[in-house]
Amino acid sequence: MLELTPKIFIDGIEIDFINAGLSQKGTLKAGQLDLTIPTSTGVGLNFWNKEVTLYFNTSDAVPLFRGWIKRVKENYNEIQIHAEDAIGYLVKGGESENAKIALDDTNNLDGLTGGAAIIKAIELAKLDNKIKTDYLGDTNPIISTSSEPLRGTLTVMEIIKSILSKAVNTDTVDLPRPNIAKLIDDGTNSQLVIELESDVNNAVVSHLYTEYDNITNLNIINRKIPTVIIVNGKNGVKGTFIHDSAIDALDRSYLEVSNDNLLSPAQCKDFAQKLFKANLTTQYEYTFDTFEGVYLPENSVIRVVTGEDEYDGNYRVLGRNVSFTPSSYKMSVLINRKPPTLAEYISTRDN
């Protein structure tokens, strides 16, 4: 088990804490750190919007979490502090609070590549002091924002997701792979980066988990598999794939998607068939508690071995939940093995 020496700093000052909980769910959701400190520790300190960093071990060069304090609740004996990472500035508590910019014919992102447009959107929202883009890179393939200009008052998160949705990598023979954005830490700042969603079948496995070695509690989730899939292509073409025997075994479930890369009904139907096969092979997903993997980055690939072929396989890491005190911790790894399609790069409706 990993030796634990966690350190939490507020505005660069190490803080004594009673307990804490870290939640990082990935997929452009705000990471959160909640900690409880003695009231005596917080005397005279101004917590609001102060930077918080968590180092899980004293030897760590970069923090496991970097964020800013958003809520403080003080009781007689303790102070509860809630902090969110840089993504929290894009997805705050309500729609009215989300960072927005107004785009028109004069002030816009026209003519920029996807990566450059995201950088400019963050700058226009005055968030470049919180979300750095030094290592952002660009989408694969590189796209231009000129074909479908963005107009109106939009949230920065809407802009980022819209841009990522248009970048579909088709280099592999299997289903296309979407681009994703995630946070990394360079030791000084939170950096937003773009990369291809990992291919769970071909990526290098970062860690191996088994029920006997490092899984303390295992839950197997039986996913609902779409058995009637309708694919809408370009210029109104569409195709439908229906699997009769799967309907008898799994019941009728509908999925409708749109993909403008498809130009004929035959291409649409073939794509629908691939979607069915991809979903069928990923019918089982896991949530599990463990004591290993606290440093696994989002989008890395791990392998789970249970001894049963239908459950075993590679999974994509989304994030983690860690609850800890100065001397102990427990954690769970958030993973999935969904097909690299659907919501990330094409519009979907799951009925």
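Among contacts in the protein chain between residues at least 6 apart in sequence, what percentage join residues at least 24 apart? The figure is 67%. This is a predicted model. The protein chain has 351 residues, and 50% of them count as buried. It holds 4 helices and 22 strands. The exposed area is about 17,000 Å², with 48% of it supplied by carbon and sulfur atoms.

**Helix H1**

- Helix H1 spans residues 114–124. Its buried residues are Gly114, Gly115, Ala117, Ile118, Ala121 and Ile122.
- These residues cover an arc of only 160 degrees around the axis, so they sit on the same side of H1.
- In general, an α-helix has 3.6 residues a turn, so residues three or four places apart point the same way.
- The buried residues of H1 pack against three elements: strand S8 (100–103), helix H2 (156–166) and strand S12 (190–196).
- Lys126 comes just after H1 and takes a positive phi of about 60 degrees.

**The sheet S10-S11-S12 and helix H2**

- Three strands make an open sheet, in the order S10-S11-S12. Their pairing is antiparallel.
- Strand S10 (168–169) and S12 are the edge strands. Each has a single partner strand, so one side of each is left without a neighbour in the sheet.
- Strand S11 covers residues 177–185 and pairs with S12 over 7 bridges, in the antiparallel sense.
- Opposite Asp185 stands Ser190 in S12.
- H2 lies across S10, S11 and S12. Its direction is at about 135 degrees to S11.
- S12 and H2 also belong to the set of elements against which the buried residues of H1 pack.

**The hairpin S15-S16**

- Strand S15 runs over residues 228–232. Of its 5 residues, 4 are buried, so S15 is largely enclosed by the rest of the structure.
- Strand S16 (residues 238–242) pairs with S15 in the antiparallel sense, over 5 bridges.
- One bridge joins Ile229 to Phe241 in S16.
- Together S15 and S16 form a hairpin, with 5 residues between them. In the turn, Asn235 has a positive phi of about 60 degrees.
- As a general rule, strands of a sheet pair through backbone hydrogen bonds, either parallel or antiparallel.

**Backbone exceptions in loops**

- Most residues other than glycine have a negative phi, and most peptide bonds are trans. The next points describe exceptions.
- Asp11 is not a glycine, yet its phi is positive, near 55 degrees. Asp11 lies in the loop between strand S1 (7–10) and strand S2 (13–14). With 48% relative accessibility, Asp11 counts as partly exposed.
- Thr27 also is not a glycine and has a positive phi, of about 50 degrees. Thr27 is placed in the loop between strand S3 (19–24) and strand S4 (32–38). Its relative accessible area is 35%, so Thr27 is partly exposed.
- The peptide bond from Asn140 to Pro141 is cis, with omega near 10 degrees. Pro141 is in the loop between H1 and strand S9 (152–155).

**Aromatic pairs**

- The whole structure has 7 aromatic pairs.
- One of them is Phe9 with Tyr55, an edge-to-face pair. The rings are 5.8 Å apart centre to centre, with 90 degrees between the planes.
- Phe9 is in strand S1 and Tyr55 is in strand S5 (residues 51–55), so their pair ties together parts 46 residues apart in sequence.
- Is Phe9 or Tyr55 buried, and which one is partly exposed? Phe9 is partly exposed, at 21% relative accessibility. Tyr55 counts as buried, at 16%.
- The ring centres of Phe56 and Tyr329 are 5.4 Å apart and the planes stand at 85 degrees, so this pair is edge-to-face.
- Phe56 lies in the loop between S5 and strand S6 (65–74), and Tyr329 in strand S21 (residues 329–336), so the pair ties together parts 273 residues apart in sequence.
- Both Phe56 and Tyr329 are buried.
- Phe17, Phe56, Phe324 and Tyr329 are linked into a cluster by ring pairs.

Definitions and conventions. Residues numbered from 1 in each chain as written. Predicted model: local features only at pLDDT ≥ 70, side-chain atom pairs only at ≥ 80, totals over all residues. Heavy atoms only, no water. Helix = DSSP H or I, 4+ residues; strand = E, 2+ residues; numbered from the N terminus. Buried < 20%, exposed > 50% of the residue type's maximum accessible area, 1.4 Å probe, protein only. Contact = heavy atoms within 4.5 Å. Areas by Shrake-Rupley, 256 points an atom, 1.4 Å probe, with all protein chains shown as cover. Arc of directions from axis to C-beta. Pairing = 2+ DSSP bridges. Axes fitted to C-alpha atoms, helices over the stretch in contact; angles between N-to-C directions. Phe/Tyr/Trp six-rings, centres within 6.5 Å; stacked < 30°, edge-to-face > 60°.
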